[in-house]
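Student: I should like to learn how the features of a structural model are read. May we work through one example together?
Tutor: Certainly; please examine the entry below, and then put your questions in turn.

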Amino acid sequence: MASICPSTAMSNVLFSYLLLFFLCYYISSCSKPVYGAGEAGEGFHSTPVSALLPKNKCSVPDGERSRGGLRITPKYGPCSRSGHSQPPSSHEILGRDEHRAGFINSRFNQYTPQNWMDHGRTQTKLFGEDGNFLVDVGFGTPPQKFKLILDTGSSITWIQCKPCVSCLPAARFDPSRSSTYSNGSCISTVGQYGYEIGYGDNSTSHGIFGCDTLSLEPSDVFQKFQFGCGINNQGDFGSGVDGMMGLGRGELSTVSQTAPKFNKVFSYCLPKEDSIGSLFFGEKATSLSSSLKFTKLISRPGSEFYFVNLLGISVGNRRLNIPSSVFAKSGTIIDSGTVITRLPQPVYSKLKAAFKKAMKKYPRSNRRPEKGDILDTCYDLSGTKEVLLPEIVLHFGEGTDVRLTGTGIIWGNDTSHLCLSFAGNSFDWDSNLTIIGNRQQVSMTVLYDIQGGRIGFGGNGCS
């Protein structure tokens with residue numbers, strides 16, 4: 001029987017303890033972080049705080065075009081060509097946004113499918129439309145250029161026209177300078193009457209219908225395009241804004257009127273304030289589809305909006321315990337004109353609780369809320385260089401996940417007051433829509449294939 005020297009045994013025991021210590025250390029350092037841990041890992045992203053703030057310099061050189069298609073510029077910020085280098089306060093922007101979200105919900109609750117159809121043909125009333133993104137298009141022969149707000153929540157495209165009873169300080173279309181203009185409707189199923197558009201800040205546009213040539217790009221010119229010719233316009237649509245491009249599902253929308261060529265397909269990338277984006281139609285949009293993930297468009301007869309099937313939400317790689325029926329009750333729309341994503345209150349409460357848990361190491365903002373503030377989960381990140389943000393994932397039908405990080409999660413222009421950029425619906429309706437706003441769409445490709453009944457999402461769409 002072999003004997004073991006006591007010193008050798010002690011060395012073996014010490015070596016075993018050291019080996020166990022290093023093994024445990026290695027395993028703990030490689031494991032996934034717990035929810036809200038201070039280490040970056042799956043479901044969390046370390047983000048420079050400076051990257052969450054608005055930029056004051058345009059990253060696109062003067063004269064540089066977008067990567068094809070129609071150039072989309074932010075209405076506000078250093079890349080704006082509308083004269084708005086400085087935006088209104090966040091409180092003003094979000095106040096107008098609340099009006100829009102409220103009116104979208106009111107329309108959904110008040111109008112039957114038949115009323116939707118009648119309403120869309122005679123009057124379009126959009127509350128709180130401030131408009132964040134502009135495109136340049138031409139009307140008439142030869143083309144007269146106008147900067148239009150891009151809006152998937154309405155269908156009528158309109159501009160100001162001469163002679164005006166009352167016009168805003170913006171460009172005006174002169175029918176007498178166009179050899180192809182005619183008054184009235186050029187769509188047989190639409191009457192000859194005019195239109196009326198009202199907005200939440202009491203801005204209005206009244207006018208008649210006109211028909212003329214629409215020029216999107218040199219190769220994309222459409223004869224007998226019906227649009228609203230505004231002759232009585234009141235309020236403040238913002239300097240440098242000449243009208244609206246309606247991209248909704250209605251009969252008068254740009255999407256519907258260009259369908260013979262573009263097959264009701266378009267895509268956009270909405271840019272950050274220091275960049276530019278692109279709007280594509282038809283085959284140019286379809287060429288992007290191989291890199292996208294698609295979910296079904298839900299049919300709502302008579303509705304101008306784009307409905308999708310949102311099933312759930314994850315925060316920091318953990319799915320919230322929310323039945324999909326909560327979203328299905330009223331439905332979910334994708335909207336380019338709403339800024340902040342709106343959720344049913346029970347959903348928002350769980351999202352907020354999960355986000356607060358994930359951000360528990362960071363101090364809350366002590367700024368007193370103003371009347372009407374819709375963002376209620378805010379942090380003081382002054383003095384913090386990098387913040388560990390939980391990834392938020394929107395789970396749509398057909399296995400399509402949209403992952404949000406950085407400015408898709410946070411809103412603010414001051415490091416001492418940066419807020420979760422989601423809000424709960426605060427409207428007293430039986431049913432409240434989930435509205436996916438443009439803050440959560442910025443910098444991604446969003447493709448609408450209406451005839452194919454689907455919508456696609458992809459990252460880095462503006463690069």
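Student: In which element of the chain is confidence lowest, and in which is it highest?
Tutor: This is a predicted model, and confidence is a natural topic to begin with. The lowest mean pLDDT, 36, belongs to helix 3 (residues 113–122), whereas strand 22 (residues 392–396) has the highest, at 98. Averaged over the chain, the pLDDT is 83, and 79% of the residues score at least 70.

Student: Which stretches have a pLDDT below 50, and how many contacts does the model give them?
Tutor: One such stretch is residues 13–39, with 19 contacts beyond near neighbours in sequence. Another is residues 111–129, where the pLDDT stays under 50 and the model has 58 contacts beyond four places in sequence.

Student: What does the secondary structure of the chain come to?
Tutor: The chain has eight helices and 29 strands. Burial and contact range add to that picture. Of its 463 residues, 54% count as buried. Among contacts between residues at least 6 apart in sequence, 73% join residues at least 24 apart.

Student: How is a pocket found, and what is the volume of the second largest pocket?
Tutor: The general idea is that a probe the size of a water molecule, rolled over the atoms, shows where empty space is left. Here, the second largest pocket has a volume of about 540 Å³. Its lining consists of 24 residues, and those closest to the centre are Arg403, Leu404, Thr405, Met444 and Gly459. Two elements, strand 23 (401–404) and strand 29 (454–458), each give two or more residues to this lining.

Student: Which element gives the most to that lining, and how do the lining residues divide by character?
Tutor: Strand 23 gives the most, with four residues. By character, the lining of the second largest pocket comprises seven nonpolar, eleven polar and six charged residues.

Student: Let us turn to single residues. Is Ser215 buried or exposed?
Tutor: The reasoning rests on a cut-off: a residue is buried when its relative accessible area is under 20%. Ser215 has 10% relative accessibility, and therefore counts as buried. This serine lies in strand 9 (residues 204–217). Leaving aside residues up to four places away in sequence, Ser215 touches Val137, Gly138, Pro143, Asp220 and Val221.

Student: Why does Lys284 count as partly exposed?
Tutor: That class covers values between the buried limit of 20% and the exposed limit of 50%. Lys284 is partly exposed because its relative accessible area is 35%. The residue is found in helix 6 (residues 283–286).

Student: Which residues does Lys284 touch, and which side chain does its own side chain join in a polar contact?
Tutor: Beyond four places in sequence, Lys284 touches Glu217, Ser219 and Asp220. With Glu217, the side chain of Lys284 makes a polar contact of 3.1 Å. Sequence separation and spatial distance should also be read side by side: Lys284 and Gly69 are 215 residues apart in sequence, yet their C-alpha atoms are 7.7 Å apart in space.

Student: Where is Ser80, and what does its side chain reach?
Tutor: Ser80 is in the loop between strand 2 (70–74) and helix 2 (90–110). Its side chain reaches the backbone oxygen of Lys75 at 2.6 Å. Not counting residues up to four places away in sequence, Ser80 touches Pro74 and Lys75.

Student: Is Ser80 then buried or exposed?
Tutor: Ser80 counts as buried, because its relative accessibility is 16%.

Note on methods:
Residues numbered from 1 in each chain as written. Predicted model: local features only at pLDDT ≥ 70, side-chain atom pairs only at ≥ 80, totals over all residues. Heavy atoms only, no water. 1 Å grid on protein atoms, 1.4 Å probe; cavity = no way out; pocket = protein on both sides within 12 Å on 5 of 7 lines; lining within 4 Å. Points joined across faces, edges and corners; volume = space filled by probe spheres on them. Nonpolar A, V, L, I, M, F, W, Y, C, P; charged D, E, K, R; others polar. pLDDT = per-residue confidence, 0-100. Contact = heavy atoms within 4.5 Å. Buried < 20%, exposed > 50% of the residue type's maximum accessible area, 1.4 Å probe, protein only. Polar contact = N/O pair within 3.5 Å; in protein donor to acceptor, adjacent residues only side chain to side chain.
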